[in-house]
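Colleague: Hey, I'm new to this one. Could you pull it up and walk me through it?

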Amino acid sequence: MKSSLVMFVFALFLFSCTKEEKKEAVNVQQLNQQFIGAWNSRNSAQLDTLFAEDAHFVQGEVHYSGRSEVSQKWVRETMGTIENLRIFPVSSGADENIAFEGGTFTVDVIPSDRQLPKGEGEGNFLLLWKKNDKGAWKLHYAQLEDHPVQVAR
């Protein structure tokens, strides 16, 4: 009986001494810079690898869902019309499974007629990243709300 009590106390001591491993939050700014770098270099193949299978893109009344639809209807159909994407974060947060950043963005808008001047687009953004079951960070949700395009000066 005494040896069982000693073993019990010893086991309690061991469990109380083990440190709980704290998981580090991801750097959401680095994730977003990967995305922006791929966008500005027009690398749609790299962008495809950044999207989650269940990705969502929302802009006004537009809502695309799933990696394939987001890649085709947002990335491939928009990439040739804007360049020089820049973001200016206002708020961000992250833990070991989810990360977000929101703020404002600006882009240079390329006119369909190259004789016309470029435009300047701006608006608000939210990018939400999730860690998938393989431990990779993927863009799960992107929301853009843009203002009317202005003529570049």
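Colleague: How do the residues lining the second largest pocket divide into nonpolar, polar and charged?

Modeller: Bear in mind that this is a predicted model. That lining divides into eight charged, two polar and two nonpolar residues.

Colleague: Which residues line the second largest pocket?

Modeller: Phe 51, Ala 52, Glu 53 and Asp 54 are among them, along with Arg 67. The list also includes Lys 130, Lys 131, Asn 132, Asp 133 and Lys 134, plus Lys 138 and His 140.

Colleague: Which element supplies the largest share there?

Modeller: β1 does, with four residues. β1, β5 and β6 each supply at least two. The space in the second largest pocket comes to about 160 Å³.

Colleague: OK, and how much space lies in the largest pocket?

Modeller: About 370 Å³. The elements giving two or more residues to its lining are the helices α2 (28–40) and α4 (67–78), plus the strands β1 (51–59), β2 (62–65), β3 (82–94), β4 (98–109), β5 (119–131) and β6 (137–146).

Colleague: How many residues line the largest pocket, and which lie nearest its centre?

Modeller: There are 24 in the lining, and Gln 59, Trp 74, Thr 78, Ile 82 and Leu 144 lie nearest the centre. The largest share, four residues, comes from β5.

Colleague: What's the lining of the largest pocket like by class?

Modeller: It has 17 nonpolar residues, four polar and three charged.

Colleague: Switching topic. How many cavities of 30 Å³ or more are there?

Modeller: The count comes to one, with about 30 Å³ of space in it. Trp 39, Asn 40, Arg 42, Met 79, Ile 82, Glu 83 and Asn 84 line that cavity. α2 and β3 are the elements that give two or more residues to its lining, and β3 has the largest share, with three.

Colleague: And how do the residues of that cavity's lining divide by class?

Modeller: Three are nonpolar, two polar and two charged.

Colleague: What about the largest nonpolar core: which residues have the most contacts inside it?

Modeller: Those are Phe 35, Trp 39, Leu 47, Phe 51, Trp 74 and Trp 129, in a core of 31 residues. α2, α3 (44–50), β1, α4, β3, β4, β5 and β6 each supply at least two residues of this core. The most come from α2, which gives six.

Colleague: Pick Leu 47. What does Leu 47 touch, leaving out residues up to four places away in sequence?

Modeller: Leu 47 touches Phe 35, Ala 38, Trp 39, Val 75 and Met 79.

Colleague: I also noticed His 56. Why does His 56 count as partly exposed?

Modeller: Because its relative accessibility is 25%, and partly exposed covers the range between under 20% and over 50%. His 56 lies in strand β1.

Colleague: What does His 56 touch, not counting residues up to four places away in sequence?

Modeller: His 63, Tyr 64, Ser 65, Val 70, His 140, Tyr 141 and Ala 142. His 56 and His 140 are 84 residues apart along the chain, and their C-alpha atoms are separated by 6.1 Å.

Colleague: Last thing: where is confidence lowest and where is it highest?

Modeller: Helix α1 (residues 2–17) is lowest, at a mean of 48, and β1 is highest, at 97. Over residues 4–12 the pLDDT is below 50, and this stretch has zero contacts in the model beyond near neighbours in sequence. Where pLDDT is low, the predicted coordinates should not be read in detail. The mean pLDDT of the protein chain is 86, with 83% of its residues reaching 70 or more.

Notes
Residues are numbered from 1 along each chain as its sequence is written. This is a predicted model: local features need pLDDT of at least 70, side-chain atom pairs count only at pLDDT 80 or more; totals for chains, interfaces and linings use all residues. Side-chain values use heavy atoms; hydrogens and water are left out. On a 1 Å grid over the protein atoms alone, a cavity is a set of points where a 1.4 Å probe fits but cannot get out, and a pocket is an open set with protein on both sides within 12 Å along at least five of seven lines; lining residues have an atom within 4 Å of a point. Grid points are joined across faces, edges and corners, and a volume is the space filled by probe spheres set on the points. Ala, Val, Leu, Ile, Met, Phe, Trp, Tyr, Cys and Pro count as nonpolar, Asp, Glu, Lys and Arg as charged, and the others, Gly among them, as polar. A nonpolar core is a set of buried Ala, Val, Leu, Ile, Met, Phe, Trp, Tyr and Cys residues joined through side-chain atoms within 4.5 Å. Buried means under 20% relative accessible area, exposed over 50%, partly exposed in between (1.4 Å probe, protein chains only). Contact means heavy atoms within 4.5 Å. pLDDT is the predictor's confidence in each residue, from 0 to 100.
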